[in-house]
Amino acid sequence: MEKMSIYVSDDGGSELTLFAFMEAARFARHWLPFCRENKIQERCPEAYFGSLDGEQSKEMKDLYEEMKGKIERAVMQGRVTDDLLDGEEARLALGKYRTAGFTRRDHPEVIKVKVLLESSVDVDITGHPLPNLVYISREKKPGVDHHFKAGALNVLRKKIH
């Protein structure tokens, strides 16, 4: 896992996408060890819980349903409200989205690495490293052409160099 990196490029610059990604990362801390321990090949929780219902997996299913419910509430509300956030770190992660003037069509770049997962630091509940998870949303400004492929990855490359 420490050699794997997952990048999500959010062209719409949506706090809902970042929130869902953060919730999935939090769930992964429990789900990945559960899969290893139970030798689960089908790693999609929706498929796994839809095909099996055992007492052994009840706690994990409850965690999954909690995550799914929070994301669905945010989507139905059209935004992430404070009652859905777990702590100050989550509030800081979504901070740029809550600044005046931030819209889908006009916003600065958003790059979140540590807030999600960093394999050299973040581990699951059994101590195994988790993959790097990186969220990127490139800058958009009215009047500036932005219809190019990999625009968010170009932003990331600029920030690294």
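This section describes the fold, the nonpolar core, the aromatic pairs and two loop residues of a predicted model.

The structure is a prediction, so local features need pLDDT of at least 70 and side-chain atom pairs count only at pLDDT 80 or more, whereas totals for chains, interfaces and linings use all residues. Residues are numbered from 1 along each chain as its sequence is written, and side-chain values use heavy atoms, with hydrogens and water left out.

The protein chain has a mean pLDDT of 77. This score is the predictor's confidence in each residue, from 0 to 100. A value of 70 or more is reached by 69% of the residues. Confidence peaks in helix 3, at a mean of 94. The lowest mean, 52, belongs to helix 5 (residues 151-160). Where pLDDT is low, predicted coordinates should not be read in detail.

Five helices and three strands make up the secondary structure of the protein chain. Both are DSSP runs, numbered from the N terminus: helices are H or I with at least four residues, strands are E with at least two. Along the sequence the order is β-α-α-α-α-β-β-α. Of the 161 residues, 38% are buried. Buried means under 20% relative accessible area, exposed means over 50%, and partly exposed lies in between, with a 1.4 Å probe and protein chains only. Contacts (heavy atoms within 4.5 Å) were also sorted by sequence separation. Among those between residues at least 6 apart, 61% join residues at least 24 apart.

Helix 1 (15-37) has 23 residues. Its expected span is 33 Å, and the end C-alpha atoms are 33 Å apart, so the two agree. The expected span is 1.5 Å times one less than the number of residues. Helix 1 nevertheless carries a kink of about 40°, centred on Ala28. The bend at a residue is the angle between axes fitted to the seven residues ending there and the seven starting there.

The largest nonpolar core contains 30 residues. Such a core is a set of buried Ala, Val, Leu, Ile, Met, Phe, Trp, Tyr and Cys residues joined through side-chain atoms within 4.5 Å. Phe19, Trp31 and Val80 have the most contacts inside this core. At least two core residues come from each of helix 1, helix 2 (45-51), helix 3 (58-77), helix 4 (88-93) and strand 3 (132-137). Helix 1 gives the largest share, eleven residues. In soluble globular proteins, nonpolar side chains tend to be buried together.

Phe19 lies in helix 1. Its relative accessible area is 1%, so Phe19 is buried. Beyond four places in sequence, Phe19 touches Lys70, Ile71, Ala74, Val80, Leu84, Leu85 and Leu94. Leu85 is 66 residues from Phe19 in sequence. The C-alpha atoms of Phe19 and Leu85 are 8.6 Å apart.

Aromatic pairs were assigned next. Rings of Phe, Tyr and Trp (its six-membered ring) pair if their centres lie within 6.5 Å; planes under 30 degrees apart count as stacked, over 60 as edge-to-face and the rest as tilted. The count comes to eight aromatic pairs. The ring centres of Trp31 and Tyr48 are 5.8 Å apart and the planes meet at 65°, so this pair is edge-to-face. Trp31 belongs to helix 1 and Tyr48 to helix 2, so the pair ties together parts that are 17 residues apart in sequence. Tyr48 also forms an edge-to-face pair with Phe49, at 5.1 Å centre to centre and 70° between the planes. Trp31 is buried at 4% relative accessibility. Tyr48 is buried at 11%, and Phe49 is buried at 6%. Ring pairs join Phe27, Trp31, Phe34, Tyr48, Phe49 and Tyr64 into a cluster.

Two loop residues were examined individually. Asp124 sits in the loop between strand 2 (110-117) and strand 3. Its relative accessibility is 4%, so Asp124 counts as buried. Leaving out residues up to four places away in sequence, Asp124 touches Arg29, Pro33, Arg36 and Leu130. Lys39 lies in the loop between helix 1 and helix 2. With 67% relative accessibility, Lys39 counts as exposed. Its phi is near 50°, a positive value in a residue other than glycine.
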